[in-house]
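Hi there,

Here is the structure I promised to pass along. Have a look at it first, and my notes on the salt bridges and the nonpolar cores follow below.

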Amino acid sequence: MLMWRPCHRSCIPVAHSSSAVAEAAPEQQVVPLYSGKRAVVVGAGPAGSTAAMFLARQGFAVDVHERRPEPKQDAVDTGRAYIIILIPRGQAALQELGVPLPSQREFITKGTVRHNKKGKIGISREEGNVTFSRSSLAQYLIDQARQRYPAQITFHFNSACAGVDIPQRQVSFSVAGGGRVQQQYDLLVGADGAGSQVRQALQQHYPDMQVSIDDSGREYKVYGGVRGDIEPEEFRRDPGATLHLWSSDDPWTTVTAHSNPDGTYSGTFSLKTGGFSDLKTVADYEALLRKKFVGVPDDWLPVIAEQAAASTPSPAGKRVRCSRLDGPGVLLLGDAAHAVTPVFGQGANSALESCKVLGTVLTEAGGDVSQVPQRFTSSRLADMHALNELDAKAYSFFRRRGLLDPDFLQLLSHVLLGTILSKLLPFLYGRQPALLKLGSTTPYSIIIAAVKRDSLMAAVGFAALGVWLSLKLAVKVMAGV
Ligand SMILES: Cc1cc2nc3c(=O)[nH]c(=O)nc-3n(C[C@H](O)[C@H](O)[C@H](O)COP(=O)(O)OP(=O)(O)OC[C@H]3O[C@@H](n4cnc5c(N)ncnc54)[C@H](O)[C@@H]3O)c2cc1C
């Protein structure tokens, strides 16, 4: 998470106990309609492993191919530098599978501490959310998939998708040591992230398929292993996973810190894309950090500077919009289909939600695998376009065109009017503006519709007020003549 996300109150209880995982919710029993069918999943990120479980639950034999080594064997360990907070939207998919959430308190998200550019602190508490590093979430889901479906799900690491023959329903992989393997499938799931190979194969198959990819315009570097007494009193009394976010005088430049179970902190240092290339030495990094931030512990600055100077930047997310999510025997989900920037903390959560939608579609297709991809697009596309639009609107914060930015005005007027209406007419309007329900399972298309409706109402209200005031003034002037 790099910037801002609304507070989410969970409707799914997460146990606070010393055991490793919360009591598993009972798995919803389904009839295995697809026994004898083979699914191939490309990518063992959060979406790939979760999709594999939904497929296996319905009877598929599933092969998951991942181009990287298994996360626990991957040399890069940045602790919780790159975190994913699972909110009720994402948790609902795991709950349906009966996959328990970790319940050790270091996983339970306590909240966010925002340090503004003057060093002032704002605290928001969160309940029921669970904090993972990206690699620990990926590993957790791989372990769950193996444990729950040992006879049906097989993982192949160091196996990179190298091409898909859509008409022949065949996919090929480059494997460690330089070889190639080919696999036939009944269903191919592209869960291979924002740069998806499977999506590219679909684009070749459908020349009219439209895919737009926007860059977040930010890059980040990670650091870790620092210690310090930075928790405000209320989090110190009740420890858990906290996120600290330091802002600067420009919206692109931020530092985050996340507490790790071992008491250290890891985090990110972000700049506008290209900004890191201006920093040549460790001293340049440290000077910029000192200039931009108030309140980052003094002894952290040389450490962040040294680690950041020694690493290469990663893009802080892309926004992907596809005109379709399916082809014959193929579907896309997760970042491959609908990546968003970390601004609202929705990427992994929407990816898991897409897997849950896949589960529903598998049931609805009644065992006819040929129906699954197209039904998936019908069920999911509108919500994914709505999420894309919301994410793009949130970027008004970075554009900083001021109060007249139409996207900023839309979001602001929705939240202001929604807050007033939810206080005055909760039975008619609901208890909070829809944008603040991003963490819940409210469909994204309902949220964007509410944003547009409320901002239109606010605009009409303002216009009517303007006309009324002008008329009043005119009457006064005429009365005085
Ligand atoms: C800094 C940062 C913070 C974030 N914080 C949050 C957050 O708090 N909450 C949230 O919901 N989201 C967050 N996100 C977004 C989240 O990380 C992604 O949306 C999520 O990881 C998507 O999961 P995925 O499985 O679809 O894709 P990925 O996680 O990208 O996984 C795709 C997998 O496919 C593999 N792969 C790629 N190409 C191939 C190939 N050719 N063959 C085989 N395998 C391949 C990759 O190695 C990878 O393991 C954050 C993102 C960033 C950058």
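Let me begin with the charged side chains: the count comes to 22 salt bridges. Please keep in mind while reading that this is a predicted model.

The pair I would open first is Arg 38 and Asp 63, which form a salt bridge with their closest N and O atoms 2.4 Å apart. Arg 38 sits in strand 1 (residues 38-42) and Asp 63 in strand 2 (residues 61-65), so this salt bridge ties together parts that are 25 residues apart in sequence. The two partners have their own surroundings: Arg 38 is partly exposed, at a relative accessible area of 33%, whereas Asp 63 is buried, at 6%.

Next comes Glu 70, which forms a salt bridge with Arg 146; here the closest N and O atoms are 2.8 Å apart. This pair links distant parts of the chain, 76 residues apart: Glu 70 belongs to the loop between strand 2 and strand 3 (83-86), and Arg 146 belongs to helix 3 (residues 134-148). Glu 70 is buried, with a relative accessible area of 6%, while Arg 146 is partly exposed, with 31%.

What about Lys 292 and Asp 250, are they buried or exposed? Both are buried, and their side chains meet in a salt bridge at 2.7 Å, N to O. Lys 292 lies in helix 6 (residues 282-292), and Asp 250 lies in the loop between strand 14 (241-246) and strand 15 (254-259), so the pair ties together parts that are 42 residues apart in sequence. There is also a network: Arg 57, Glu 96 and Lys 356 are joined by salt bridges that share partners.

Now for the nonpolar side. In soluble globular proteins, nonpolar side chains tend to be buried together. In this model, the largest nonpolar core has 72 residues, and those with the most contacts inside it are Leu 55, Val 62, Ile 153 and Leu 333. Helix 9 (residues 347-364) contributes the largest share of this core, eight residues. A second, separate core has 21 residues, including Val 226, Ile 230, Val 296 and Leu 301.

If you want a place to start in the largest core, try Leu 55. Leaving aside neighbours within four places in sequence, Leu 55 is in contact with Ala 39, Val 41, Phe 60, Val 62, Leu 187, Val 189, Leu 358 and Leu 362.

Happy browsing, and best wishes!

Terms used
Residues are numbered from 1 along each chain as its sequence is written. This is a predicted model: local features need pLDDT of at least 70, side-chain atom pairs count only at pLDDT 80 or more; totals for chains, interfaces and linings use all residues. Side-chain values use heavy atoms; hydrogens and water are left out. A nonpolar core is a set of buried Ala, Val, Leu, Ile, Met, Phe, Trp, Tyr and Cys residues joined through side-chain atoms within 4.5 Å. Buried means under 20% relative accessible area, exposed over 50%, partly exposed in between (1.4 Å probe, protein chains only). Helices (H or I, at least four residues) and strands (E, at least two) are DSSP runs, numbered from the N terminus. Contact means heavy atoms within 4.5 Å. A salt bridge is a side-chain nitrogen of Lys or Arg within 4 Å of a carboxyl oxygen of Asp or Glu.
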